[in-house]
Structures are given as structure tokens and as C-alpha cells.
Amino acid sequence: MIKPFQNPVFAALDVATLSEAQALARSLKAHCGGLKLGLEFFSAEGADGLRAMVDEGLPVFADLKFHDIPNTVAGAVRAISRIGVTIVNVHAAGGVAMMEAARKAAEDAAGPSRPLVIGVTVLTSLDEDDLRSVGVNSPVRDQVLRLAGLAQRAGLDGVVCSPHEITALRQAMGPSFKLIVPGLRPQGADVSDQKRVMTPEDAYRLGADVLVIGRPITAAADPARAAAQIAQSLASLAA
Ligand code: C5P
């Protein structure tokens with residue numbers, strides 16, 4: 001079933017400077033549901049940069065993938081939550097105690113307006129051979145489901161997943177577990193280095209909650225127009 005439309009697209013701003021991120025944010029503001037900023041931006045511009053992006057007025061996903069002992073991750077999530085981001089993520093491989101600490105830290109820092117705390121399962125850059133080399137002897141899909149189950153048990157709000165995992169995760173985790181989905185390409189777009197892509201419309205239809213889209217928007221000749229076209233095609237699905 002298609003959900004009531006509210007723009008689910010978070011534009012991935014994979015840039016290293018605040019001025020580039022602000023310029024993109026301003027041109028995309030009317031056409032995206034939020035912005036995703038990652039480790040490159042955070043390493044260059046820090047908490048002040050992230051705060052400046054929150055001040056731009058769109059919800060911000062801080063894609064920082066924390067993974068450390070519970071006490072340290074709790075401190076990081078507390079600090080990020082105070083900045084006012086809307087989504088933050090941690091590696092589910094950090095374990096249940098770490099994820100519980102992350103969720104509690106978000107609540108302690110921001111109460112009911114806390115960010116969604118999302119788990120990262122298996123990075124899509126890793127295949128079964130890579131997993132085996134680090135001592136994980138399960139197929140990627142089993143490991144994704146195992147880690148998503150742990151994330152749910154720890155009280156996390158959802159996971160980041162490949163579009164090809166939406167159906168299995170939705171079925172296993174139920175309707176309210178948030179699925180945040182990158183690896184999307186509008187029909188006819190350049191796939192760049194993404195290997196197994198899906199269109200935003202198909203991912204939305206299958207039950208993705210947040211669609212993370214980078215280069216099809218940010219590398220377009222007219223990013224605002226590209227974002228507006230994606231938003232329109234998603235809105236027409238929900239109509
Ligand atoms: O430009 P593109 O649409 O490929 O960007 C997707 C964004 O989502 C990038 O910021 C990338 O780091 C992130 N991402 C991804 N695949 C994952 C997890 C995150 O592409 N499995």
C-alpha cells in the first residue's frame with residue numbers, strides 16, 4: 001500500500017565544505033524532504049558545520065555510522081542529538097548494549113524531539129567473501145536480517161538497507177520499523193559506482209520510508225529541477 005505522500009527524499013550532499021552544502025541546501029529546499037551529510041562533511045566542518053546545516057531548515061540525517069564501546073557511542077549520540085539532527089546512525093555490529101546506549105542517549109539529550117536512531121547492517125561494499133574474511137560465515141542477507149533483528153531488539157527505530165532488502169526486512173520487522181534506502185537511480189540516470197540500483201518509485205512502492213539520493217540530484221545540471229521531478233513522480237504514486 002502506498003503511504004500518504006510527504007516528500008521522503010533526503011538528498012545526499014557528499015561535499016566537504018559548508019559553503020557547497022549550503023548552496024545545495026538552498027536550491028533544494030522546496031523539493032526535498034531532508035538532507036544527508038556524512039563523514040566527509042563532518043570531518044571537514046565539524047559540529048558547527050552540522051549545526052549550520054540544521055539551521056538551513058530541512059531535516060538533517062547525520063550519516064556518521066558510530067561504532068565504539070557503548071559509553072563512547074552514547075556520548076557521541078548525545079552530542080549529535082543536541083545539534084538537532086533528525087536521523088543519526090550507528091553500526092548494528094556494535095551489539096545490543098551499544099545500540100541501547102545510543103537510543104537512550106538520544107532520548108536523554110533531546111526527549112520527544114530526539115532523532116531517529118538507525119542501525120547500519122552490512123555495508124553494501126562487502127560481499128560474502130569479505131564477510132567470511134572477518135569471520136562471519138553467513139550469506140549477506142542472513143547477516144542483514146540478524147543485525148536488523150538486534151537493532152529492533154535494542155529499540156532502534158530502523159535500519160539503512162539496500163533497495164533489494166526492503167521486502168524481506170519489511171516482512172520480518174513489521175510496518176513501523178523505518179527503512180532508509182540508498183542505491184537509487186531514476187529511470188535512465190547514470191548508475192555511477194552503484195551496482196544494484198532501483199528507481200525511487202519502486203523503492204517507495206515496496207515500503208521504503210526514506211529515499212537517500214545523491215548524484216542524480218547533486219550532479220545534475222539543474223539540481224532543483226532533478227529533485228522536483230523525483231518529488232513529482234513520487235507524489236503521483238501516492239495520489
Ligand atoms: O550519489 P548516490 O545516490 O549514489 O549517493 C548515495 C548516498 O548513500 C551516498 O552518500 C552513499 O555514501 C550512501 N550510501 C550508499 N549505499 C549504502 C549506504 C550509504 O550509497 N549502502
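Modeller: A salt bridge here means a side-chain nitrogen of Lys or Arg within 4 Å of a carboxyl oxygen of Asp or Glu, and the structure holds 13 of them. The model is a predicted one, in which local features need pLDDT of at least 70 and side-chain atom pairs count only at pLDDT 80 or more, whereas totals for chains, interfaces and linings use all residues. Residues are numbered from 1 along each chain as its sequence is written, and side-chain values use heavy atoms, with hydrogens and water left out.

Colleague: What makes the contact between Glu107 and Arg114 a salt bridge?

Modeller: The N to O distance between the two side chains is 3.6 Å, and because the cut-off is 4 Å, the pair qualifies. Glu107 and Arg114 also belong to a network of salt bridges that includes Arg103 and Asp157.

Colleague: Why is Arg114 called buried?

Modeller: Buried means under 20% relative accessible area, exposed means over 50%, and partly exposed lies in between, with a 1.4 Å probe and protein chains only. Arg114 has 18% relative accessibility and therefore counts as buried, while its partner Glu107, at 32%, counts as partly exposed.

Colleague: Which parts of the chain does the pair of Asp209 and Arg170 link?

Modeller: Their side chains meet in a salt bridge at 2.8 Å, N to O. This pair links distant parts of the chain, 39 residues apart, with Asp209 in the loop between helix H8 (200-206) and strand E8 (210-213) and Arg170 in helix H7 (residues 166-173); helices (H or I, at least four residues) and strands (E, at least two) are DSSP runs, numbered from the N terminus. Arg170 is buried, with a relative accessible area of 18%, whereas Asp209, with 22%, is partly exposed.

Colleague: What makes Asp193 exposed?

Modeller: Asp193 has 57% relative accessibility, so it counts as exposed. It forms a salt bridge with Arg215, the closest N and O atoms being 2.6 Å apart. Asp193 lies in the loop between strand E7 (178-181) and H8, and Arg215 in helix H9 (residues 215-218), so this salt bridge ties together parts that are 22 residues apart in sequence.

Colleague: How do you know that Cys161 is too far from Cys32 for a bond?

Modeller: A disulfide is a pair of cysteine sulfur atoms within 2.5 Å. The sulfur of Cys161 is 20 Å from the closest cysteine sulfur, that of Cys32, and is therefore too far away for a bond. The structure holds zero disulfides. Cys32, at 6% relative accessibility, counts as buried, and Cys161, at 3%, counts as buried too.
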